[in-house]
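Biologist: Could you put the model up, so that we can go through its contacts together?
Modeller: Sure, here it is.

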Protein chains: 2
Amino acid sequence: MLYAEPIDRLIKAFSRLPGIGEKTAARLALYILNAKGDYVDELVASLSDISHKVALCSSCMSFSSVDPCRICADELRDAATVCVVSDYKDMMALEAAGGYSGRYHVLHGNLAPLKGVGPDELRIKELLERVGANGVEEVILATGFDAEGEATSTYIAGLLKPYHVKLTRIASGVPVGSYVEYMDSVTLSRAMDGRKVFE
Amino acid sequence: MLYAEPIDRLIKAFSRLPGIGEKTAARLALYILNAKGDYVDELVASLSDISHKVALCSSCMSFSSVDPCRICADELRDAATVCVVSDYKDMMALEAAGGYSGRYHVLHGNLAPLKGVGPDELRIKELLERVGANGVEEVILATGFDAEGEATSTYIAGLLKPYHVKLTRIASGVPVGSYVEYMDSVTLSRAMDGRKVFE
């Protein structure tokens, strides 16, 4: 061990964060060592707050400091439309895109049997309860278009069939700003299949 | 504000770390939200420890959890040779390289008048006291070869002249693994000037 023990411990803790290797962790730890003022106190306080003040919204399962969350509590958001996402950050990305005025349901993952993630590990039961009870008219499946995201949407679609709600899937195709020549053939086939009348 | 307040606060705190932009900060914060077990407790504890358990070694000014630090307390390290570095991380890099058996002195920065860093902001006074009192025979200047590092070494060399110690500067030249053709001309001139008898 090269560094003093408390520094080494902090480097180890930082290097467990995603995308932070040992070199970056060391750089962050040395920044913390040199940090002026009450920055470290602020970081410690905000980390502690996360576990004490943030919990799952009992309705949509997103992270929130209030229950129900701001979106579920917002009377202006259409409660009859529920957009199902794999992760909280997908929900944040859709919110940042703007334009969607319905509500959400966060699964907290995708089905991944090889990683030991089955239906019971996801918030699927809560979705079924919500669709069964709440006058939901449309469920938008907005999981990713990777293998796990697709499997998760297919699985949930099967479960929701008996509920007689409108089931939709967000569109797949060429992203805005991309060139056709660089797209893979599966995406291009989908884009072709999903073509719409030019207005 | 898109995220719940405690999450937003943590993102802001993370994004003050060096090299961490807002997107990465959000990714880290969401990892923290989902973190299992006592990882967050461990991170908080190690951050708190840093301010309580780590202080400057009263001899070499490096960060340490004991005083004097492990290197200054090591009787096997030559107390007559002091290697002056700008930062704690430079000292760590030299230690990782191995082979040096003297001691260190950490300045905690380089002279940078335009950034408001003058001699009083660095641990220069402590270096002079140490060289004056301790039977130091050689001072190795190991600040960087950027403009600020060079200016700092030159300034310290001037101050140390009256002390009649041997003053050396680490070598500048072509780094191991590098091609001559890609080196800038200043480096090549230095490498030429610093040539040694081939053995």
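Biologist: Which residue does B:E42 form a salt bridge with?
Modeller: B:E42 pairs with A:R9, and the closest N and O atoms are 3.0 Å apart; a salt bridge here is a side-chain nitrogen of Lys or Arg within 4 Å of a carboxyl oxygen of Asp or Glu. B:E42 sits in helix α3 (residues 39-53) of chain B and A:R9 in helix α1 of chain A, so the pair joins two chains, where helices (H or I, at least four residues) and strands (E, at least two) are DSSP runs numbered from the N terminus. This is a predicted model, in which local features need pLDDT of at least 70 and side-chain atom pairs count only at pLDDT 80 or more, while totals for chains, interfaces and linings use all residues. Side-chain values use heavy atoms, without hydrogens and water, residues are numbered from 1 along each chain as its sequence is written, and chains are lettered from A and ligands numbered from 1 in the order in which they are written.

Biologist: Is A:R9 buried or exposed?
Modeller: Neither, since A:R9 counts as partly exposed at 23% relative accessibility, as does B:E42 at 26%; buried means under 20% relative accessible area, exposed over 50%, and partly exposed in between (1.4 Å probe, protein chains only).

Biologist: What network are those two linked in?
Modeller: A:R9 and B:E42 are linked with B:D49 and B:K53 in a network of salt bridges.

Biologist: And what does B:R9 meet in a salt bridge?
Modeller: The side chain of B:R9 meets that of A:E42, at 3.0 Å from N to O. B:R9 lies in helix α1 (residues 5-14) of chain B and A:E42 in helix α3 of chain A, so this pair also joins two chains.

Biologist: How many salt bridges are there between chain A and chain B?
Modeller: The count between the two chains is four, and the structure holds 18 over all chains.

Biologist: How much area is buried between the chains?
Modeller: About 4,600 Å², with carbon and sulfur atoms giving 70%; buried area is the accessible area (1.4 Å probe) that two parts lose on being put together, summed over both. In chain A, the residues losing the most area to chain B are A:L2, A:R9 and A:L47, together 14% of what that side buries.

Biologist: Switching topic, how many disulfides are there?
Modeller: The count is zero over all chains, a disulfide being a pair of cysteine sulfur atoms within 2.5 Å. For B:C69, the nearest cysteine sulfur is that of B:C60, 3.7 Å away.
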